[in-house]
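Hi everyone, thanks for coming. I'd like to walk you through one model today, so please have the viewer open and follow along.

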Amino acid sequence: MWPFWTLPFWFIFPSIADEPTVLASQEHLGLKSPWIESVDAQQNYKQSALPETSVSELLAAGDRALKEGDYEAAISSFETAIALIESVEAEPGNTTDAKGEALAGLGEAYMYTNAFDQAIPIFEAAIAHFSPGMPVSEIDFATNEYGSILINLVYFLGQAHEYSAHFGTALGYYHQVLATENTDLLSPQKRLDVLIRQGIVEGEIGQYSQAESTLQQVYALIGQLEESSTEHQDWQKAD
């Protein structure tokens with residue numbers, strides 16, 4: 001019998017491989033998605049030229065609907081916010097990063113309704129909003145001022161392609177995300193999420209040796225996370 005670490009990735013994690021959960025970690029669920037929190041913290045954008053209350057309320061309503069699982073309501077809120085923002089942007093000098101937030105939320109809502117083909121251009125538009133004129137494959141998360149937002153968006157774009165059976169494209173985006181060494185941009189837990197998705201895709205397209213190598217990375221990282229958690233608990237007890 002093969003040692004467990006040499007078994008195919010999808011054999012070890014059958015429930016993960018068979019159930020296409022939109023987001024690999026529950027940390028992405030909440031009143032605000034991580035990219036929206038990052039926009040608030042990094043940009044402190046001004047909406048003086050916008051009907052601020054309406055846009056803010058629409059974004060808040062969309063976030064709330066996502067949390068409550070009312071994805072059609074979320075889609076409606078984000079689409080209305082985008083239309084409202086674009087009507088103001090038609091006037092010179094009126095721009096806002098609220099549009100990037102709305103696009104990100106809209107893409108997430110489409111993912112939850114399994115409308116992956118619709119989510120793809122939405123995520124691409126969100127990425128283009130935060131990195132204008134830059135092909136996705138050329139984005140350097142570490143040097144881009146919106147790096148923490150973009151790395152999430154590229155990951156979700158990869159997932160949208162994976163669930164649309166565009167496995168080669170999805171794998172390219174996962175590789176791009178995993179190439180990031182900055183733990184402030186890609187935490188160990190997030191790296192684990194992406195590695196799992198990468199291994200599943202490798203298995204889907206018959207790259208079995210790569211999938212097994214990815215599985216070994218998964219187990220190594222799980223061990224590191226468990227050790228770190230144990231050390232943290234011991235430290236708390238000692239304190």
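Let me start with a cut-off: an angle between helix axes counts as roughly antiparallel when it is over 145 degrees. Keep that in your heads for a moment. And please remember that what you see is a predicted model.

First, the overall picture. The chain contains eleven helices and zero strands, so to speak an α-α-α-α-α-α-α-α-α-α-α pattern when you read along the sequence. It has 239 residues, and 46% of them count as buried. If you take the contacts in the chain with a separation of 6 or more, 65% come from residues 24 or more positions apart.

Now to the first pair of helices. How do helix 6 and helix 7 cross? Helix 6 covers residues 98–112 and helix 7 covers residues 116–130; their axes come within 8 Å and cross at roughly 160°. With the cut-off at 145 degrees, helix 6 and helix 7 are therefore roughly antiparallel to each other. Their crossing is left-handed. On the helix 6 side, the contact includes Leu 103, Ala 104, Leu 106, Gly 107, Tyr 110 and Met 111, and on the helix 7 side Phe 116, Ile 122, Phe 123 and Phe 130 are among the residues taking part. Sorted by class, this contact has twelve nonpolar, four polar and three charged residues.

Let's stay with helix 6. Is helix 6 mostly covered or mostly open? Mostly covered: 15 of its 15 residues are buried. Its length works out too, because 15 residues at 1.5 Å a residue should span 21 Å, and the end C-alpha atoms are indeed 21 Å apart.

Step just past the end of helix 6 and you meet Asn 114, in the loop that leads to helix 7. Here is a bit of background: most residues other than glycine have a negative phi. Asn 114, which is not a glycine, has a positive phi near 65°. Its relative accessible area is 52%, so Asn 114 is exposed.

On to the second pair, helix 8 and helix 9. Helix 9 runs over residues 167–178, and the axes of helix 8 and helix 9 come within 7 Å, crossing at roughly 160°. That makes helix 8 roughly antiparallel to helix 9. This crossing is left-handed as well. Have a look at Ile 151, Val 154, Tyr 155 and Leu 157, which are among the helix 8 residues that meet helix 9; their partners there include Phe 167, Tyr 173, Tyr 174 and Val 177. By class, the contact of helix 8 with helix 9 divides into nine nonpolar, five polar and one charged residue.

Helix 8 is mostly covered, with 17 of its 17 residues buried. From its first C-alpha to its last, helix 8 reaches 24 Å, close to the expected 24 Å.

What comes just after helix 8? There you find Ala 165, with a positive phi of about 65°, although Ala 165 is not a glycine. Ala 165 sits in the loop between helix 8 and helix 9, and at 48% relative accessibility it counts as partly exposed.

One last stop: Ala 142, in the loop between helix 7 and helix 8. Ala 142 is exposed, with a relative accessible area of 53%. Its C-alpha is separated by 7.6 Å from that of Leu 185, although the two residues are 43 residues apart along the chain.

That's my tour, and I'm happy to take questions.

Terms used:
Residues are numbered from 1 along each chain as its sequence is written. This is a predicted model: local features need pLDDT of at least 70, side-chain atom pairs count only at pLDDT 80 or more; totals for chains, interfaces and linings use all residues. Side-chain values use heavy atoms; hydrogens and water are left out. Axes are lines fitted to C-alpha atoms, for helices over the stretch in contact, and angles run from 0 to 180 degrees between N-to-C directions. Helices (H or I, at least four residues) and strands (E, at least two) are DSSP runs, numbered from the N terminus. Angles under 35 degrees count as roughly parallel, over 145 as roughly antiparallel, 65 to 115 as roughly perpendicular and the rest as oblique. A crossing is left-handed if the near helix is turned anticlockwise from the far one by less than a right angle, and right-handed if clockwise. Contact means heavy atoms within 4.5 Å. Ala, Val, Leu, Ile, Met, Phe, Trp, Tyr, Cys and Pro count as nonpolar, Asp, Glu, Lys and Arg as charged, and the others, Gly among them, as polar. Buried means under 20% relative accessible area, exposed over 50%, partly exposed in between (1.4 Å probe, protein chains only). The expected span of a helix is 1.5 Å times one less than its number of residues.
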